[in-house]
Structures are given as structure tokens and as C-alpha cells.
Amino acid sequence: MIAFFASAPRGLEDLLLEEIRALGAAEAAAVAGGVGFSGSWETCYRVNLWSRIASRVLWRVAQFEYRDESDLYAAAHALPWPEFFDVGRTLRVNVTAQKSPLRSLEFATLRIKDAVCDRFRDALGRRPDVERASPDVRVHAFLEAQRGALYLDTSGEPLFKRGWRSQQGEAPLRENLAAGIVMLSGWQPGEPLLDPMCGAATILVEAAAMARGRAPGAKRAFGFERLKAFQPALWEKVRGEPARAGAVEPRLHASDADPEALKAARRNLAEAGVERWVAVEQADVLQRTAPAPAGVLIANPPYGERMGTPEELAQFYPALGSALKKNFAGWRCFILTADLRLPKLIRLQPSRRTPLWNGALECRLYEFRMVAGSNRG
Ligand SMILES: C[S@@+](CC[C@H](N)C(=O)[O-])C[C@H]1O[C@@H](n2cnc3c(N)ncnc32)[C@H](O)[C@@H]1O
């Protein structure tokens, strides 16, 4: 059994735990920011390929106690790094800390990097090169007050990079957060789904991939392919496993007021190969009608941090509330925002509010069940 840690956007740990259990992990437990689990390499490959929620899957190679940088050096130097990866691979070390007594994380990073390189030099007379932008191998150190752990990254590029996005659009959601929102909404692939402020269509691409049972990692490479422990035949087997869900023909709808956003949406939907299931139109959310008598609406309006001023939004929310009431009776509506004034200003009573983090930004996913005539807050 190997120890792994899968990280995820905060707020999605329980969904990640469910996913990881379903993918065959032996023991799994959620903590803030992710899920620790044990399993085989097969499980690790499968989680990398199939998790829609994880940001990275890390292989834990050491746990230690420390007081200062020289303890970090010793802990890192004790590991047989040349057995983990080839000296010709490029390397990057990342340090994350919570309540660590160390003054400089940069210095801590340097000491760990030195320890890794010194192990190589002692064994082979050569050391790996450091590469910050796109390293072959990533080492992560996680430091608490007195304890630390070292990890090798089995994902490489973070898993929310699925390999289909060519268009950023403005303020796009990360793919794993978008997938998590769709899961939290309880949307079933047979139901209509509308994102009326779709931007670059991240939410709909994720929903389509779920409905079609497509592996989120099918179009990308992984860090584990560059480790010495890599087993190509096992990876081929995992990659060849059948889809984990039936292939439903989803009914998805995208609209946005901004023609530029729609261009980005169309490009992304095409790159992801899901455009045939998504009807795209230009429309103002305040004016458009529902594409079906009932369904799920998910929207991620601008929220004053990156787009839209607080004053503009204070005018927009009441209008949005009225539009939902008038045009979306029978729909379950979900709005993700970092603007905690929303429930008051929208004048609808949320039936659920789920805290979620969009990077460092604390957000809420509000659910409004639009039953005609019963929603005045
Ligand atoms: C934060 S972005 C959505 C990003 C999207 N979730 C993604 O991941 O790419 C907000 C979007 O709302 C759109 N928008 C703003 N006001 C709108 C309105 N009244 N009607 C429709 N769309 C609007 C903007 O054009 C922008 O694309």
C-alpha cells in the first residue's frame, strides 16, 4: 500500500472522498484541502485519470519532525532520490506551510532542493536541473508547526488542466471547481441544464463530460509517467478501462450577453468535443426565457472582485431575482458568488448555501428552488 494525498478546492473535500472511494482506494479520509488515501499505483493512475475534483495527487515519500532548515535538509537527504527519478529529469520544489516556525519558505525550498541534488551528486556525480515553468518532476513539502511531509507529484500539471481549454475568457472557473458545482447541484444528465452567464463555458464542458462518461484526464499527460516507478503496461490497462457512467445524451444550454464570451465558449466546447450537446445563444440573463419547463440553472455572475463594481451588482441582483421568479418557475437555480450580499439583494430565500473557495476567494453556492409564487424572502 502506498500513501497518497489528493488536494482539491476547499469545500469539495467530501465529493473528492466519494470519488476516491469509488475509484478503489483502500483507506481514505478527508481533511481541509484534500483527501489522504492509501492504495496501489493502479489506484493512483485511476484517480489521476478519473477524478473530476482533485487538483493533484501526491505520493507521500517521507514524514518527519523538524525545528529548522537543517532538519529539512536531513529529512530530504535521507531519501534515495535517484531511485525515484532519472537525473536527466528537470526538477521543481514547492513548499507549503501552515503555522511553520520557519522565517523564509524560499530558504526552506532551497535547502530541500540542495538535499535532493546532493543525493544525486553523491550517487552519480551529476544533479538534475531546476526548471520552474514546466518541470518533469515536482517535489512538494508540506510543513506544519513541528511535522512535515515530502511528496512526489504524480499529476504534473494540475488536474484541472484537462487539455481542452484553448480560450480563457474572462474570469473562468477552474475545471474542478466547475465540476464540483455541477455535482453539488444534484443535476442528473437526463435533466436540462442552463448556464445563462456561461463565459468560456467551463461548467457546461464539465457537465457534458460527466454525462458522456468521459475521463477528464483522457487528453493529457501525468507526472507519474516521468517517475521510475512508472508501469506503462498497467497505465495502458487503466486507460483502456471502460467509461464509468452510461453515455447519456445531455440537453445543455449556454448563453451570455457578451459576444466575445460566446466565441470563447464555442471554441472551448468544440475543443472538448461536446458542442453537439450544447445549444449556444446570445442573451441577457434578465431577459431570456427557460429552455424547458423544469431543469437546473447554474450561474457564476461577475462578483465585484474581478468584474462588475459593487454598485452595478447591487442593481443587478434584485433584477436577477425577479427574472428567475418570472422566467424560471420549476427550476432549481444555483448561483456561485463571493458577494455575500447576494441573498439579501436578490430577495429570494436560499434553500441551501455551500461554502466553496475559488482559489483564495471565499464563495458561496446558493440554491434557490423556484416554485412559482413562494420565494419572496
Ligand atoms: C465570471 S464570468 C463566468 C465565467 C464562467 N463561469 C467560466 O468559467 O468561464 C461572468 C459572465 O457573465 C456574463 N454576464 C454579465 N452580465 C450578464 C447578463 N446580464 N446576462 C448574461 N450574461 C452576463 C459576462 O459576459 C461573463 O461572461
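**Two sheets and the helices around them**

Helix 2 passes helix 8 in a right-handed crossing, where right-handed means that the near helix is turned clockwise from the far one by less than a right angle, and left-handed that it is turned anticlockwise. Helix 2 covers residues 41–50 and helix 8 covers residues 232–239, and the two pack at an angle of about 45° with their axes 10 Å apart. On the side of helix 2 the contact (heavy atoms within 4.5 Å) is made by Trp 41, Glu 42, Tyr 45, Arg 46 and Leu 49, while helix 8 contributes Leu 234, Trp 235, Lys 237, Val 238 and Arg 239. Helices (H or I, at least four residues) and strands (E, at least two) are DSSP runs, numbered from the N terminus. Axes are lines fitted to C-alpha atoms, for helices over the stretch in contact, and angles run from 0 to 180 degrees between N-to-C directions.

The model is predicted, with local features needing pLDDT of at least 70 and side-chain atom pairs counting only at pLDDT 80 or more, although totals for chains, interfaces and linings use all residues. Residues are numbered from 1 along each chain as its sequence is written, and side-chain values use heavy atoms, with hydrogens and water left out.

We can now turn to the sheets. One open sheet is formed by 7 strands, which follow one another in the order 2-3-1-4-7-6-5 with mixed pairing; two strands pair if DSSP finds at least two bridges between them. At its edges lie strand 2, residues 27–31, and strand 5, residues 91–97, each of which pairs on one side only. From one strand of this sheet to its neighbour there is a turn of 30° on average, direction ignored.

Within this sheet, it helps to follow strand 4 from one neighbour to the other. Strand 1, made of residues 2–7, runs antiparallel to strand 4, made of residues 56–65, and 4 bridges join them. Two pairs of residues show where these strands meet: Phe 4 stands opposite Trp 59 of strand 4, and Ser 7 has Arg 56 of strand 4 as its bridge partner. Strand 4 is also joined to strand 7 by 7 bridges, and these two strands again run antiparallel. Here Phe 64 stands opposite Gly 148 in strand 7. Of the 10 residues of strand 4, 7 are buried, so this strand is largely enclosed by the rest of the structure. Buried means under 20% relative accessible area, exposed over 50%, and partly exposed in between (1.4 Å probe, protein chains only).

Helices pack against these strands too. Helix 3, which spans residues 69–77, lies across strand 4, strand 6 (137–143) and strand 7 (147–153), and runs at about 115° to strand 4. Helix 3 packs in turn with helix 5, residues 105–124, at an angle of about 35° and with the two axes 8 Å apart, and their crossing is right-handed. The residues of helix 3 that make this contact are Glu 69, Leu 72, Tyr 73, Ala 76 and His 77, whereas those of helix 5 include Phe 107, Ala 108, Arg 111 and Ile 112.

Helix 1, residues 13–22, has as its buried residues Glu 13, Leu 15, Leu 16, Leu 17, Glu 19 and Ile 20. These buried residues pack against strand 1, strand 2, strand 3 (34–39), helix 2 and helix 6 (175–185). After helix 1 comes Gly 24, whose phi is positive, near 105°.

In helix 6 we find Ala 178, which counts as buried because its relative accessibility is 0%. If neighbours within four places in sequence are left aside, Ala 178 is in contact with Leu 173, Thr 202, Ile 203 and Glu 206. Ala 178 and Ala 141, by contrast, are 37 residues apart in sequence and 28 Å apart in space, taken from C-alpha to C-alpha.

Another open sheet has 7 strands in the order 10-9-8-11-12-14-13, and its pairing is mixed. Its edge strands are strand 10 (278–282) and strand 13 (352–358), each of which pairs on one side only, and neighbouring strands of this sheet are turned by 20° against each other on average, direction ignored. Helix 7, residues 202–211, packs on this sheet and touches strand 8, strand 9, strand 10 and strand 11 (295–299), its direction making about 170° with that of strand 9. Strand 8, residues 193–195, and strand 9, residues 252–256, run parallel and are joined by 3 bridges; Asp 195 has Ala 254 of strand 9 as its bridge partner.
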